[in-house]
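Grab a coffee and open the model in your viewer. Here are some exercises to work through, each with a solution you can check as you go.

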Amino acid sequence: MSRIDLVLTDTHTHIYYHAGSPLLAEQMNRCFEQDVRRLFLPNVDVDSITSVMQTVDAYPQHCFAMLGLHPCSVKENYIADLAAIEKAIQSHKIFAIGEIGIDLYWDQSTLAIQQDAFRTQIGWAKALGLPIDIHCREAFDEVFAVLEELKDDRLFGIFHCFTGTLEQAQRAINLGFKLGIGGVVTFKKAGLDHVVSQIPLEHIVLETDAPYLAPSPFRGKENESSYLRYVAQKVADLHQISIEKLAEITTRNSIDVFGI
């Protein structure tokens with residue numbers, strides 16, 4: 001396989017944070033140098049929709065939008081925020097509802113409204129025939145409870161930044177989800193490498209979650225989508241295949257999810 005045929009897909013990146021800045025072009029160019037040619041962009045709140053769409057407009061062959069209300073953005077005015085995002089979905093081409101889910105790391109007091117927002121947005125995805133991109137932090141039981149409650153053949157997507165156990169991985173797979181594997185798989189003491197090595201590659205997609213969770217050797221620094229190459233190499237090594245083959249499988253998996 002020639003280098004030009006190697007296509008890596010970052011299924012979750014906030015590269016749009018640099019929209020309107022020279023940093024966006026610099027980071028996109030580094031992506032292309034590292035064969036990262038497909039990037040999926042989840043917004044986090046109403047205000048970030050504009051930056052996502054500006055980035056998609058600037059790189060329409062490489063960047064693809066998702067829209068949703070991040071669980072950490074679910075506050076007292078979440079009903080109005082959901083209405084604004086739902087309106088934006090009607091006027092933009094998107095490929096998933098996300099990122100959505102439940103986060104109990106920062107604020108457990110909003111669990112009830114997080115659950116309500118999660119259910120509402122799953123309903124959007126089903127109605128539109130779209131996948132969901134799930135944010136789950138210290139909330140596997142709560143997320144699984146909602147998914148199992150709403151499970152049907154229209155519910156599918158990605159568990160973004162999956163860092164759970166093998167049992168949790170299998171539970172997500174059984175519900176129809178791919179696992180988004182990012183920089184944590186390169187952390188020596190995280191233990192995710194042992195889990196990923198036991199998961200068939202048909203269930204895995206790659207991501208960076210840039211600018212967060214930079215892989216080794218950049219841990220602790222700002223992450224960027226070009227670093228997906230390090231994630232890909234680690235997963236390829238764990239499964240004892242070439243990075244070219246890993247890129248082919250995981251990009252095909254991303255196409256299966258997003259339809260593009």
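What follows is a set of exercises on a predicted model, each with its worked solution.

**Exercise 1. The largest pocket**

Task: Find the largest pocket, say which residues sit closest to its centre, and work out what sort of residues line it.

Solution:
- Start with the space itself: the largest pocket has a volume of about 570 Å³.
- Now look at the middle. The lining has 21 residues, and those closest to the centre are D103, W106, H135, R137 and D209.
- Next, ask which strands help out. At least two lining residues come from each of β4 and β5, and β5 gives the most, with three residues.
- Finally, sort the lining by class: 10 residues are nonpolar, six are polar and five are charged.

**Exercise 2. The loop between β8 and α8**

Task: D209 turned up close to the pocket centre. Go through the loop that holds D209 and pick out its backbone oddities.

Solution:
- Place D209 first: this residue is in the loop between β8 and α8.
- Check the backbone angle. D209 isn't a glycine, yet its phi is positive, near 60 degrees.
- Is D209 buried or exposed? The cut-off for buried is under 20% relative accessible area, and D209 has 8%, so it counts as buried.
- Move along to P211, which belongs to the loop between β8 and α8. The peptide bond leading into P211 from A210 is cis, with omega near 15 degrees.
- Then take L213, again in the loop between β8 and α8. L213 has a positive phi too, about 55 degrees, without being a glycine.
- For L213 the relative accessible area is 32%, so this residue is partly exposed.
- One more cis bond to look up, away from this loop: G98 to E99, with omega near 10 degrees. E99 is part of strand β4.

**Exercise 3. Closed spaces**

Task: How many cavities of 30 Å³ or more does the model have, and what lines them?

Solution:
- Think about the method for a second: rolling a probe the size of a water molecule over the atoms shows where empty space is left.
- The count comes to two cavities of 30 Å³ or more.
- Take the largest cavity, at about 40 Å³. Its lining is made of H14, I15, Y17, H18, Q27, A210, P211, E222 and N223. A210 and P211 are the pair from the cis bond in Exercise 2.
- By class, that lining splits into four nonpolar, four polar and one charged.
- The second largest cavity holds about 30 Å³. Around this one you'll find C136, F140, F159, H160, C161, F162 and T163.
- Here the tally is five nonpolar and two polar, with no charged residues.

**Exercise 4. One face of a helix**

Task: Which residues of α5 are buried, and how are they arranged around the helix?

Solution:
- List them: in helix α5 (residues 140–150), F140, V143, F144, V146 and L147 are buried.
- Look down the axis of α5. The buried residues fall within an arc of 160 degrees, so they line one face of the helix.
- That fits the general rule: an α-helix has 3.6 residues a turn, so residues three or four places apart point the same way.
- What does that face pack against? The buried residues of α5 meet β4 (97–103), α4 (111–128), β5 (132–137), β6 (157–159), α6 (166–174) and β7 (177–181).

**Exercise 5. The nonpolar core**

Task: Which residues of the largest nonpolar core touch the most other members?

Solution:
- The largest core has 75 residues, and F118, I132, L147 and F159 touch the most other members.
- Separate from that core is another of nine residues, including M66, F95, I158 and V257.
- Zoom in on I132. Setting aside neighbours within four places in sequence, its contacts include F118, I122, L147, I158 and F177.

**Exercise 6. A buried leucine**

Task: Where does L228 sit, and what does it touch?

Solution:
- L228 is in helix α8 (residues 228–238).
- With 0% relative accessibility, L228 is buried.
- Leaving out residues up to four places away in sequence, L228 touches L8, T9, D10, V36, L206, E207 and T208.
- Last, try a distance: L228 and V257 are 29 residues apart along the chain, and their C-alpha atoms are separated by 19 Å.

Technical notes. Residues are numbered from 1 along each chain as its sequence is written. This is a predicted model: local features need pLDDT of at least 70, side-chain atom pairs count only at pLDDT 80 or more; totals for chains, interfaces and linings use all residues. Side-chain values use heavy atoms; hydrogens and water are left out. On a 1 Å grid over the protein atoms alone, a cavity is a set of points where a 1.4 Å probe fits but cannot get out, and a pocket is an open set with protein on both sides within 12 Å along at least five of seven lines; lining residues have an atom within 4 Å of a point. Grid points are joined across faces, edges and corners, and a volume is the space filled by probe spheres set on the points. Ala, Val, Leu, Ile, Met, Phe, Trp, Tyr, Cys and Pro count as nonpolar, Asp, Glu, Lys and Arg as charged, and the others, Gly among them, as polar. Buried means under 20% relative accessible area, exposed over 50%, partly exposed in between (1.4 Å probe, protein chains only). Helices (H or I, at least four residues) and strands (E, at least two) are DSSP runs, numbered from the N terminus. The arc is that of the directions from the helix axis to the C-beta atoms. Contact means heavy atoms within 4.5 Å. A nonpolar core is a set of buried Ala, Val, Leu, Ile, Met, Phe, Trp, Tyr and Cys residues joined through side-chain atoms within 4.5 Å.
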